[in-house]
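Work through the exercises below with the structure open. Each task is followed by a solution in steps.

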Amino acid sequence: MPLLSALPRLASLAAKSAMDTVFPPRCYACNELTGGQHGLCAPCWEGVNFISAPFCARCGMPFAHGMGSEAAECMPCLTLSPPFAKARAVFAYDDGSRRLITRYKYDDRTHATPMYAAWLARAGAELLGEADYIIPVPLHRWRLVQRRYNQSALLVQGLAKLSEKPALLSGLRRTRHTQQQVGLTREQRIANVEDAFAIPPKHAAQLQGKTVLLVDDVLTTGATIESCTRALLDAGVATVHVLTLGRTTDDDV
Ligand SMILES: [Zn+2]
Ligand SMILES: [Zn+2]
């Protein structure tokens, strides 16, 4: 009996090792062989600056030192008061993590989704617990055709699987084509995405008074995230939380 019950497991291990021979596991960031470990190779793993407390209670910006209270907010949040309730991110968006994002976005590294979703679920556990729906920052349909997938929608699907919170993949849509944000100043970015998002009428009723977890790959100046947040709030959503893989951790990006 023990042998018989062990057979399916042996068969799956054999299949896995056959797969590893044909497609040996490679690092999601640098493409080097990872020596049997799926995910990141040791040097790439060490290069990622994972965010941990203390950080701003509102936007998640890491603090160099504890502020004496978990409710402390950073100066930009105190002065500008962003429209979202709370934003959290997995890691600092810097030289150590940039390749993770660009490869996931443009290089078909979609098989990294379960790992990234697990990271998001951990960093955003509190926000996820409060959410009624998880919604991705949408791509314009032309860009979706070009790229074939929306990385934020993949992350939302992965999170929904882990949390059993419903994904609303079409909860937001782009109302117009916008320029890429890369290379624009903060003011240009804000103008570029102003009023560029809306809730499709078919989702308007179900989102009234709800808490939404908005998901994107990175939070940089926040222009896109803030425009999405305003569209959700204007349409009657009560609270918007934000969860991203990366976020900039200095003010000059
Ligand atoms: Zn690597
Ligand atoms: Zn803040």
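Two residues are in contact if their C-beta atoms, placed from the backbone, lie within 7 Å. Helices (H or I, at least four residues) and strands (E, at least two) are DSSP runs, numbered from the N terminus. The model is predicted: local features need pLDDT of at least 70, side-chain atom pairs count only at pLDDT 80 or more, and totals for chains, interfaces and linings use all residues. Residues are numbered from 1 along each chain as its sequence is written, and chains are lettered from A and ligands numbered from 1 in the order in which they are written.

**Exercise 1. Helix α5**

Task: find the buried residues of α5 and state what covers them.

Solution. Step 1: apply the burial rule, by which a residue is buried if 20 or more other C-beta atoms lie within 10 Å of its own, exposed if 12 or fewer, and partly exposed in between. Step 2: in α5 this gives Tyr 116, Ala 117, Leu 120 and Ala 123. Step 3: these residues cover an arc of only 130° around the axis (the arc of the directions from the helix axis to the C-beta atoms), so they are on the same side of α5. An α-helix has 3.6 residues a turn, so residues three or four places apart point the same way. Step 4: the cover over them includes β1, α8 and β6.

**Exercise 2. The open sheet**

Task: give the strand order of the four-stranded open sheet, and place α5 and α8 on the strands.

Solution. Step 1: two strands pair if DSSP finds at least two bridges between them. Step 2: the order is β1-β6-β5-β2, with parallel pairing. Step 3: β1 (86-92) and β2 (133-136) each have a single partner strand, so they are the edges, and one side of each lacks a neighbour in the sheet. Step 4: on average, neighbouring strands are turned by 20° against each other, direction ignored. Axes are lines fitted to C-alpha atoms, for helices over the stretch in contact, and angles run from 0 to 180 degrees between N-to-C directions. Step 5: β1 and β6 are joined by six bridges, and Phe 91 has Gly 246 as its bridge partner in β6. Strands β5 (211-219) and β6 (239-247) share eight bridges, with Leu 219 bridged to Arg 247. Step 6: α5 (residues 113-123) lies across β1 and β6, at about 130° to β1, while α8 (residues 151-163) lies across β2 and β5, at about 160° to β2.

**Exercise 3. The core**

Task: describe the largest nonpolar core and say where it lies with respect to the domains.

Solution. Step 1: a nonpolar core is a set of buried Ala, Val, Leu, Ile, Met, Phe, Trp, Tyr and Cys residues joined through C-beta atoms within 7 Å. Step 2: the largest one has 56 residues, and Leu 120, Ile 134, Val 212, Leu 213 and Leu 214 have the most contacts inside it. Step 3: β5 supplies the largest share, six residues. Step 4: domain 1 (1-47) and domain 2 (51-247), with bounds from an automatic or database domain assignment, both give residues to the core, so it lies between them. Step 5: leaving aside neighbours within four places in sequence, the contacts of Leu 214 include Ile 135, Cys 228 and Val 240.

**Exercise 4. Two residues compared**

Task: are Trp 45 and Gly 35 buried, partly exposed or exposed?

Solution. Step 1: Trp 45, in α2 (residues 42-47), has 15 C-beta neighbours inside 10 Å, so it is partly exposed. Step 2: Gly 35, in the loop between α1 (2-22) and α2, has 10 other C-beta atoms within 10 Å and is therefore exposed.
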